[in-house]
Amino acid sequence: MSNHPISFDNTEIAFKALSHSELKKASRLFSLFNMEWLVSIGSSVTERLLHMGIPIHVLVKPIIYSHFCGGEDLTECTKLIRALATRNVGVLLNYGVEAKSSDAEYEFSVMQNMQAIELAGKEKNIKAVCIKLTGFGRLGLFEKLQQKQALTSAEEVELKSIHERFDRLCDAALVNQVALYIDAEESWIQDPIDEMTIERMRRVNKKTAIIFNTYQLYRNDKLKDLKADAAKAQSEGFILGAKLVRGAYVEKENEVAKAAGNVSPIHLNKAATDNDFNLALTFCLDHLDTISCCVASHNEHSCLLLTQLLQEKHIPFNHPHISVSQLYGMGDHITYNLSDSGINCTKYVPFGPVKEVIPYLIRRAQENGSVEGQMGREIKLLKKEINRRGI
Ligand SMILES: Cc1cc2nc3c(=O)[nH]c(=O)nc-3n(C[C@H](O)[C@H](O)[C@H](O)COP(=O)(O)OP(=O)(O)OC[C@H]3O[C@@H](n4cnc5c(N)ncnc54)[C@H](O)[C@@H]3O)c2cc1C
């Protein structure tokens with residue numbers, strides 16, 4: 001347990017891993033993201049050039065890709081995985097290529113994830129592999145499942161393939177003793193993802209949490225679902241793996257609900273999301289015998305609340321059922337200060353060919369430009385460290 005009060009202002013700890021030139025580069029990059037007009041023009045120009053087959057990866061890789069991604073393949077990621085280990089920070093590996101649409105592509109995605117799981121069996125600093133189930137099957141099929149529509153016989157075959165792909169990865173995760181985190185997606189496909197994931201937890205999470213579902217607390221029904229799943233875990237005798245996030249698709253969710261004339265499943269305001277996130281966190285800490293929980297957030301208040309609750313409830317900071325995660329390239333002041341206090345911390349590290357990961361990078365740039373306050377805070381801390389070092 002930490003004996004000293006935790007502060008996210010300690011920039012010496014936060015940016016210890018960055019050389020002088022890396023620190024200056026990060027500061028310049030975030031200052032650029034802060035210019036919304038530049039991000040907006042840059043994103044559409046990048047997408048257009050990519051579409052035209054112009055080799056922009058030569059520019060993108062050293063400037064932005066290297067800041068947010070581990071490498072184009074697993075071999076290239078190894079250096080980062082080992083460097084983070086020296087700072088007591090684990091890795092959540094994510095094959096960052098977005099949804100595909102053919103059987104060959106789904107199989108390729110399974111293969112990439114399988115290799116990541118096998119690498120995790122050897123490189124113990126890889127704490128989990130993160131997957132999206134829509135990487136293994138057609139989006140339209142997930143929608144049909146959610147609406148409980150009858151499937152054609154061809155769709156039954158498709159569904160069987162999704163189950164089979166998911167099972168192969170779950171079995172490999174169990175054999176290699178690495179966690180498998182299932183990302184949460186849009187509300188209109190989330191029910192089948194939840195059902196498939198809980199089904200695997202029943203089978204795999206008997207002794208330890210291997211399979212983790214993701215709970216988006218910006219949804220007004222997810223705190224209730226978390227509690228219901230915890231009750232199932234308790235009565236059926238498995239460990240619930242729960243990754244807590246606020247949720248990535250606020251605008252899209254609200255627009256789709258509005259267009260369909262439905263009430264949005266998203267909380268009415270950010271305060272309500274924050275409230276449910278913090279209640280979910282408190283609930284998990286009160287049920288650590290049946291829940292293993294990953295707090296996936298860049299929100300300083302929630303991360304501080306975690307440390308306060310651990311102290312109040314006399315829970316060891318390094319309890320194996322608690323971890324905290326931030327995206328690689330962001331929130332270092334949280335990750336490294338929490339890791340320094342003894343909490344299990346990880347970075348979410350995407351890997352994959354530069355041109356395939358560009359949509360992920362564009363989202364990072366847009367998010368960092370538009371999240372009021374957060375980016376200003378990162379820039380301020382980077383500048384503070386530049387001044388402290390006198391460089
Ligand atoms: C390791 C990791 C894994 C992740 N995995 C997933 C995943 O599987 N699925 C997923 O959807 N996201 C995922 N995310 C993204 C996450 O959901 C958030 O979008 C992101 O982390 C920002 O939220 P925050 O908790 O860091 O804090 P903050 O920056 O304090 O909160 C921003 C969030 O608050 C919510 N919000 C903002 N405005 C409103 C509003 N007006 N009304 C209601 N809510 C609002 C939104 O969720 C927004 O993203 C992941 C993030 C991390 C770090």
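Visitor: Leaving aside neighbours within four places in sequence, which residues is K222 in contact with?
Guide: Two residues are in contact if their C-beta atoms, placed from the backbone, lie within 7 Å. Leave out sequence neighbours up to four places away, and the partners of K222 are Y215, Q216 and L217.

Visitor: What kind of model is this, and how are its residues numbered?
Guide: The model is predicted: local features need pLDDT of at least 70, side-chain atom pairs count only at pLDDT 80 or more, and totals for chains, interfaces and linings use all residues. Residues are numbered along each chain as its sequence is written, starting from 1.

Visitor: Is K222 buried or exposed?
Guide: K222 lies in helix α10; helices (DSSP runs of H or I, at least four residues) and strands (runs of E, at least two) are numbered from the N terminus. A residue is buried with 20 or more other C-beta atoms within 10 Å of its own, exposed with 12 or fewer, and partly exposed in between, C-beta atoms being placed from the backbone. K222 has 26 such atoms within 10 Å, so it is buried.

Visitor: What separation do the C-alpha atoms of K222 and A280 have?
Guide: Along the chain, K222 and A280 are 58 residues apart. A280 is one of the buried residues of α12. The C-alpha separation of K222 and A280 is 8.9 Å.

Visitor: Which elements do the buried residues of α12 pack against?
Guide: The buried set in α12 is T273, D276, F277, A280, L281, C284 and L285. These pack against β4 (211-216), α10 (222-236), β5 (240-245), β6 (291-296) and α13 (300-312).

Visitor: How far apart are the end C-alpha atoms of helix α12?
Guide: The expected span of a helix is 1.5 Å times one less than its number of residues. Helix α12 (residues 270-285) has 16 residues, so it should span 22 Å. The model agrees: the end C-alpha atoms of α12 are apart by 23 Å.

Visitor: In what order do the eight strands close into a barrel?
Guide: Two strands pair if DSSP finds at least two bridges between them. The pairing here is parallel, and the barrel closes in the order β1-β2-β3-β4-β5-β6-β7-β8. From one strand to the next, the twist averages 30°. Barrel order, again: β1-β2-β3-β4-β5-β6-β7-β8.

Visitor: Which residue in β2 is the bridge partner of N94?
Guide: Strands β1 (residues 89-95) and β2 (residues 126-131) run parallel and are joined by four bridges. In β2, N94 has as its bridge partner C130.

Visitor: What angle does the direction of helix α9 make with that of β4?
Guide: Axes are lines fitted to C-alpha atoms, for helices over the stretch in contact, and angles between N-to-C directions run from 0 to 180 degrees. Helix α9 (residues 187-204) packs on the sheet and touches β3 (179-182), β4 and β5. The angle between the directions of α9 and β4 is about 145°.

Visitor: Which residue in β5 is the bridge partner of Y215?
Guide: β4 and β5 run parallel, with five bridges joining them. Six of the six residues of β5 are buried. L240, A242 and L244 point one way, while G241, K243 and V245 point the other. The β5 bridge partner of Y215 is L244.

Visitor: Which residues have the most contacts inside the largest nonpolar core, and which helix gives the largest share?
Guide: A nonpolar core is a set of buried Ala, Val, Leu, Ile, Met, Phe, Trp, Tyr and Cys residues joined through C-beta atoms within 7 Å. The largest has 99 residues, and those with the most contacts inside it are V129, A173, L180 and L244. The largest share of this core, seven residues, comes from helix α8 (residues 153-176).

Visitor: Which element supplies the largest share of the shell around the ligand?
Guide: The ligand is surrounded by 26 residues (C-beta atom, placed from the backbone, within 6 Å of it). The closest are D183, R246, A296, S297 and H298. β4, α12 and β7 (322-327) each give at least two residues. The largest share, three residues, comes from β7.

Visitor: Is K148 buried or exposed?
Guide: K148 sits in the loop between α7 (139-146) and α8. Its phi is near 55°, a positive value in a residue other than glycine. K148 has 8 C-beta neighbours inside 10 Å, so it counts as exposed.
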